[in-house]
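Please read this short report beside the sequence and the 3D model. Packing and aromatic contacts are its topics.

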Amino acid sequence: QQNAGTLNITVDQVSGGIGIDANATTGATTITLGSTAVVTGLVEAGIDARSTGGAITVQGSSGDVVGATDGMYVRSMGGVITVDNLDSVTGQMGEGLNLYSAGGDITVIAVDAITGTGRDGILAVSDGGNISIQGSGLVGDITSINDRGITARANGGDINIGGLATNGAVTGELGIYASTNGLGNIIVDSTGGAVTATLSSGILATNSGSGSTTITTGDVSATTVGAPLIFQSGIAAFSTGSDLIIDSSAGTVVASAFGIFADHSGTGQVLITTADVNSQGSYGILASNAGTDLIIDSSAGSVSGGNRGIDARNNGTGALAITTADVTGTTGDGIFAQSNASASGDVTINTVGGVVEGAAEGIDARNYGSGTLAITVDDVTGGTNGISAQAATGETVIILSSTADVTGIAALGIVASSTG
């Protein structure tokens, strides 16, 4: 226990009710594990470190930490928290890493394996600071058995998960949850390993501030039925800030409900780029935007939905553009696209890279704004109409490739109308 100055603890083999119990005030706390260190909390945390104002660092040249509750329980009332270069951290009934700072940054880097058997693999919460989780889970993954693989909440700070050094695979009832507000930005990059959700969403990001949100993934899976539809999404993002960018082109997204769900009520644009996306029960891609442009490019793979394949709604001021390969709407439209009256940009749909099939309409495109509605296709089939195009004052252009086949099984191949 330390009242002032620096508190330094260097260990190898340690075991107790709490493995290491460190308390400090304004001074920095540094806990260093040797290369063969094993720190075990038999009753509570492996490491319990608290400070009323100083920085806390837990570091090693390797080393393992095991706690009967949390692997590490770290609290600072204003200082920076750093966890660096460990072999493994395990919480048997709680979190693997349970980290909180009242105002400082939180950094987790190069922890080979992190497990929260009873709760989250990583729980990192900062009131005002940034959160960074990098280069971890590369040997034994980041895992929660009964909760979230990673939870990162920064009240006003930035969140960066894997954007500087990729992490390994992440598994939990919910895979990765990132939330911020104020001026905070969110970056989630999971291209270093698959994200698997056993009950809820693979990745859930909420930015209720003015910052940007960027999600880049490899494989994402969220296929267990049980949670509400939104929370069974492969990737779900809610933003009131600037740009919302989702790029899953490095892998496949599979979900029980929405493959990708993007809800942007902020000022910027929405950019969605995918390879294969498969929704078993709802929409492959559901995207709405109240900012400027909404752009979807799924030309690197196929998109399928238990209802609609792609549902894109631009309630903002800019353009709506969709470029695809194969798209399937099992019980609904293959593609539904709508731009509202406030939009001055064009609505552009290009599906020449594949086949579009919908149980309802093959393509249902509606432009209530002032721009052009342009649809370019090759092979489109709808249970009702092949293509249904509605426009307000703008021009409507439908282009068929030289090998095009547009079929409406119950009605028309193409039906187009304009009010102006």
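The text below covers the nonpolar cores and then the aromatic residues.

The model is predicted, so local features need pLDDT of at least 70 and side-chain atom pairs count only at pLDDT 80 or more, while totals for chains, interfaces and linings use all residues. Residues are numbered from 1 along each chain as its sequence is written, and side-chain values use heavy atoms, with hydrogens and water left out.

The largest nonpolar core (buried Ala, Val, Leu, Ile, Met, Phe, Trp, Tyr and Cys residues joined through side-chain atoms within 4.5 Å) has 79 residues. Leu33, Ile47, Met72 and Ile363 touch the most other members. Contact means heavy atoms within 4.5 Å; leaving aside residues up to four places away in sequence, Ile363 touches residues including Ile335, Ile349, Val377 and Ile387. Another core, of 9 residues, lies apart from the largest one and includes Tyr177, Ala236, Phe258 and Tyr283.

There are 3 aromatic pairs (Phe, Tyr or Trp rings, the six-membered ring for Trp, with centres within 6.5 Å; planes under 30 degrees apart are stacked, over 60 edge-to-face, the rest tilted). Phe238 and Phe261 form a tilted pair, 5.4 Å centre to centre with 40° between the planes. This pair ties together parts 23 residues apart in sequence, because Phe238 lies in strand 23 and Phe261 in strand 26 (strands are DSSP E runs of at least two residues, numbered from the N terminus). Phe238, Phe258, Phe261 and Tyr283 form one aromatic cluster.

Buried means under 20% relative accessible area, exposed over 50% and partly exposed in between, with a 1.4 Å probe and protein chains only.

| Residue | Relative accessibility | Class |
|---|---|---|
| Phe238 | 23% | partly exposed |
| Phe261 | 10% | buried |

Technical notes:
Helices (H or I, at least four residues) and strands (E, at least two) are DSSP runs, numbered from the N terminus.
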